[in-house]
Amino acid sequence: MRYETKVLTTKYQKPDAYGALAMPVYYTAAFEFPTAKDMSDAFCGRSMAPSYARIANPTTTYLERRVQQITGAVSVTALNTGMAAISYALTAVSGSALNIVASKHLFGNSVSLIRDTLGAFGVEARFADFTDLKAVESLIDEKTCAIFFEVITNPQLFVADISALADLAHRAGVPLIADTTIVPFSTFHARNFGIDIEVVSSTKYISGGGTGLGGLLIDYGQFDWSRHPGKVLQNLTKRVGKKLAFTARVKTELVTNLGALMTPQPAYMETLGLDTLQLRFQRQAESTLWLARQCRELPEIKHVNYTGLEDNPFYEISSRQFGPLPGAVFTIDLDTREAAFAFIDHLQVVHRATNLFDRKSLAIHPASTIFGLFTDEQRREMAVSEKTVRLSIGLEAPEDLLDDIKNAISQV
C-alpha cells in the first residue's frame with residue numbers, strides 16, 4: 001500500500017470500547033492489571049500491556065505503530081522533542097573512549113550535544129564536511145561508534161551522497177545515523193539508502209501546525225551490532241540477537257532511565273498530523289520551488305539557495321535521493337546582516353519564528369538565533385552566513401507570499 005493508505009489503516013493495539021475512529025488520549029499515569037502475574041509480565045517486558053506512563057502509553061504506542069507501518073522499521077520510539085531523539089540515538093551507541101564522526105554542518109544544538117554534552121562523558125567529537133567522503137573516511141577508526149549527519153543540512157542546504165556514506169560506514173562496521181527532518185518519510189525512504197537509524201523532529205511536518213513538540217527514533221534493524229565497538233551493545237546481541245540490540249537498549253534502558261517518552265496529547269496531535277502529512281508536504285514543497293524560482297528574479301536578493309533549482313550545485317544528487325521537491329525550506333542572501341534584519345522586520349504575512357514546516361510560513365536569521373552563541377569563526381567554519389535569511393514555506397497562497405517578500409525587500 002502507498003503512504004496515504006498505510007497511514008489510515010494501522011489498527012489499534014486493542015479494540016476501542018466505543019469504536020472511536022481516532023485513537024483516544026489516555027491521559028493517565030498508571031494502568032490497572034487483572035492479576036499480579038499480568039502486572040509482572042508488563043513490567044518485565046513479557047507482554048505488550050503498558051506498565052506505567054513514563055515507559056509506555058497507548059496513545060503514544062499507537063503513534064509509534066503507525067510510523068512503524070509506514071516506514072517498515074523494526075521499532076519506533078516517540079520522544080518529547082527532536083533533540084531527545086538525537087540524544088537517545090547517540091547515547092545508545094556511544095561511550096567513554098569512543099568517537100562520533102559527525103557533519104560539521106549540523107544544527108547548532110546537535111553540535112553542542114556531541115561536542116560538549118557527550119564530550120563531558122569521554123566521547124570524542126570528530127567533525128568533517130560530509131560532501132567530502134575522503135575527509136569522512138579519514139576520521140573513522142576502530143573506536144568510531146557512529147556516523148551522524150543531516151540528509152539536507154540546515155540552513156546551508158548541503159547534500160551528501162547517502163548511499164556512498166552508508167557503504168563507507170558499513171565497511172568500517174559503523175552504524176549510519178541520519179537526521180531526516182527536512183524531507184518527510186512519506187517521500188524519502190531512509191532504509192533504501194542504507195541509513196540504519198533515522199531521527200526526526202516530528203514537531204515539524206508531522207505535527208502539522210506547531211501543535212506540540214516531538215521526536216521519533218526509528219530503527220530499521222539492518223545493522224549488525226555484534227560488530228559495534230560499544231561493549232553494551234555487543235553484550236545485548238547475545239540476548240536479543242545481532243539486529244535488535246539498539247532497540248533493546250533504547251526501549252529497556254534509555255526510555256526507562258532518562259524519562260523523555262512522548263506524552264499522550266502531542267502523540268494524539270501527531271497521529272492526526274500523519275493523516276494529512278503527504279498532502280501538506282506536496283503543497284508546501286511545490287510552493288517552495290515556485291517561490292525560489294521567483295526570488296531569483298529579484299535583483300535585491302543576491303543568492304537563492306534551494307536544492308530543487310536546476311543550477312544548484314547539489315541538484316543532481318538531491319533529485320536522485322529526494323525527487324523534485326527536496327523539502328519546504330529555502331534561503332536567500334541579502335547585502336548585509338542589517339539588510340537581512342530589516343527584511344525580516346518588514347514581513348507581514350510570513351511570521352518571525354524559529355520552527356520549520358508549520359502550516360504558516362516562517363522567517364529567521366540563523367546566524368543570530370540558532371547559531372547565535374557560536375563565534376564568528378565557528379559560524380564561518382560551519383558555512384552560516386550573516387547575510388542569510390531562512391524561509392520555511394507554509395500553506396498560504398504562494399502568490400501572497402511572493403507579494404510579502406517583494407514588499408519587505410522594497411523597504412530594506
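1. In this predicted model, Leu 216 is in contact, beyond its neighbours within four places in sequence, with a set of residues that includes Leu 63, Val 67, Val 76, Thr 77, Ala 78 and Ala 85. The list continues with Phe 185, Glu 198, Val 199, Val 200, Ser 202 and Ile 206, so that Thr 77, Glu 198 and Ser 202 count among the contacts within 4.5 Å alongside residues such as Phe 185.

2. Leu 216 belongs to the largest nonpolar core, which has 82 residues, and it is one of the five that touch the most other members, together with Phe 185, Leu 274, Phe 330 and Phe 343. Helix α10 gives the most to this core, with 9 residues. A second core, of 44 residues, is separate and includes Ile 100, Leu 113, Ile 114 and Ile 370. In soluble globular proteins, nonpolar side chains tend to be buried together.

3. An open sheet of 5 strands, with mixed pairing, follows the order β8-β9-β12-β11-β10. Its edge strands, each of which pairs on one side only, are β8 (303–305) and β10 (351–352). Strands β8 and β9, the latter covering residues 329–333, run antiparallel and are joined by 3 bridges, and Val 304 stands opposite Ile 332 in β9.

4. Two helices should be considered together with this sheet. Helix α10 (residues 264–295) packs on the sheet, where it touches β8 and β9, and its direction makes about 15° with that of β9. Helix α12 (residues 337–345) lies across β9, β10, β11 (362–364) and β12 (388–392), and runs at about 30° to β12.

Methods. Residues numbered from 1 in each chain as written. Predicted model: local features only at pLDDT ≥ 70, side-chain atom pairs only at ≥ 80, totals over all residues. Heavy atoms only, no water. Pairing = 2+ DSSP bridges. Helix = DSSP H or I, 4+ residues; strand = E, 2+ residues; numbered from the N terminus. Axes fitted to C-alpha atoms, helices over the stretch in contact; angles between N-to-C directions. Core = buried A, V, L, I, M, F, W, Y, C linked by side-chain atoms within 4.5 Å. Buried < 20%, exposed > 50% of the residue type's maximum accessible area, 1.4 Å probe, protein only.
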